[in-house]
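Let's look at a protein together and ask how we can tell what we are seeing. Keep the structure in view as you read.

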Amino acid sequence: MPRLGFGVYQNYTTHDSVLEAFKAGYRHIDTAQAYRNEGEVGSAFRESGLSREDVFITTKCISKTHGYETTLRAVDVSLERLGMDYIDLYLIHDPFKGTGMRLQTYRALLDAQKAGKVRTVGVSNFGIRHLEEIRAAGLPMPSVNQIELHPFCQQKPIVTYCREHGVVIQAYSPLIRGKVDHPVFAQLATKYGKDAAQILLRWSLQRGFIPLPKSARPARIHSNSKLFDWSLNEEDMAVLNALDRGKEGAVTWNPVDAD
């Protein structure tokens, strides 16, 4: 799984943006059925000329498709829309619908994995209680938990739990939905000769997360990928870590406490 992904939530030029992302070197694309752009991701991949083995595609099933049979159908729908034979990572998009439906959905994804339609199974927006349900049911732990993560919302208990149980952490909204005007970000951007978005993404990488920045602007798509030939020092990482506001720092739905 590539250490950096390209998100396409609320991207209304998905085909062109994904093509640009491929040109910038991204090989990990994060979509979802709820985004209604799986087809555009697939068409961009085919136009790119890249081989299937060179790209990593993530998609997700939203709660309205939760349940065993409906999830199996959702996987087939995603495959058809993407125009692909398999999906690298399939996530349960949210923890709504309760324990029974969550476990049915998870079992369906595990069976889709056994059938070769899905390579890796994971979850998104799952809190510790939701993850514990899977463990208590005797099922394999998800490979990934994708949650909102940035300096203002660090989700420390969930991150600790995931690390203790070998669950990879993906970070959505790593750029705080564009709210990057905090003076600390500006100071560090000046210090390192980078922009605020790059500071945030580099922080995410150094925390061991897989950030999923999104943009429709070609220049921003490229700049967000320039992260691997420099690093933040320990003192500056500590300054960013100190910005955590807990749940109050969230800028998205962040439904990790759903029943």
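Q: How do we know how much of the contact network joins residues distant in sequence?
A: Start by keeping in mind that this is a predicted model. Take the contacts in the protein chain between residues at least 6 apart in sequence: 74% of them join residues at least 24 apart. The chain that makes these contacts has 10 helices and 8 strands.

Q: What makes the radius of gyration of the protein chain agree with that of a compact globule?
A: For 259 residues, the rule for a compact globule gives a value near 18 Å, and the protein chain has 18 Å, so the two agree. You can also look at the C-alpha trace, which spans about 55 × 40 × 25 Å along its principal axes.

Q: How much of the protein chain counts as buried, and what supplies the exposed area?
A: Of the 259 residues, 57% count as buried. The chain exposes about 11,100 Å², and carbon and sulfur atoms supply 50% of that area.

Q: Where are the mean positions of the positive and negative charges relative to each other?
A: The chain has 32 positive and 29 negative charges, and their mean positions are 1 Å apart.

Q: Why is Val41 called buried?
A: Buried means under 20% relative accessible area. Val41 has 0%, so Val41 is buried. You will find Val41 in helix α2, which covers residues 38-48. Beyond its neighbours within four places in sequence, Val41 is in contact with Val8, Thr14, Val18, Ile29, Thr31, Ile57 and Leu82. The C-alpha atoms of Val41 and His15 are separated by 6.0 Å, although the two are 26 residues apart along the chain.

Q: Why does Glu133 count as buried?
A: Use the cut-off of under 20% again. Glu133 has 13% relative accessibility, and therefore counts as buried. Its place is in helix α5, residues 128-136. Leaving out residues up to four places away in sequence, Glu133 touches Thr99, Arg102 and Leu103.

Q: What makes the phi of Ser173 and of Ile176 worth a second look?
A: Most residues other than glycine have a negative phi. Ser173 is not a glycine, yet its phi is positive, about 55°. Ile176 is not a glycine either, and its phi is also positive, about 55°. Ser173 sits in the loop between β7 (168-172) and α7 (183-192), and Ile176 is found in the loop between β7 and α7 too.

Q: Are Ser173 and Ile176 buried or exposed, and how do you know?
A: At 15% relative accessibility, Ser173 is under the 20% cut-off, so Ser173 counts as buried. Ile176 has a relative accessible area of 1%, so Ile176 is buried as well.

Q: Which residues touch the most other members of the largest nonpolar core?
A: They are Phe185 and Leu240, in a core of 72 residues. Helix α8 (residues 196-206) gives the most to this core, with 7 residues. Not counting residues up to four places away in sequence, Phe185 touches ten residues by name: Pro151, Phe152, Ile176, Lys179, Val180, Ala196, Ile199, Leu200, Leu240 and Leu243. In soluble globular proteins, nonpolar side chains tend to be buried together.

Q: How do you know that Glu20 and Pro218 come together in space?
A: Contact means heavy atoms within 4.5 Å. Beyond its neighbours within four places in sequence, Glu20 is in contact with Pro218, Ile221 and His222. Glu20 and Pro218 are 198 residues apart in sequence, and their C-alpha atoms are 6.4 Å apart. Glu20 itself belongs to helix α1, residues 14-24.

Note on methods. Residues numbered from 1 in each chain as written. Predicted model: local features only at pLDDT ≥ 70, side-chain atom pairs only at ≥ 80, totals over all residues. Heavy atoms only, no water. Helix = DSSP H or I, 4+ residues; strand = E, 2+ residues; numbered from the N terminus. Rg over C-alpha atoms; globule rule 2.2 N^0.38 Å. Buried < 20%, exposed > 50% of the residue type's maximum accessible area, 1.4 Å probe, protein only. Areas by Shrake-Rupley, 256 points an atom, 1.4 Å probe, with all protein chains shown as cover. Lys, Arg positive; Asp, Glu negative; His and termini not counted. Charge placed at Lys NZ, Arg CZ, Asp CG, Glu CD. Core = buried A, V, L, I, M, F, W, Y, C linked by side-chain atoms within 4.5 Å.
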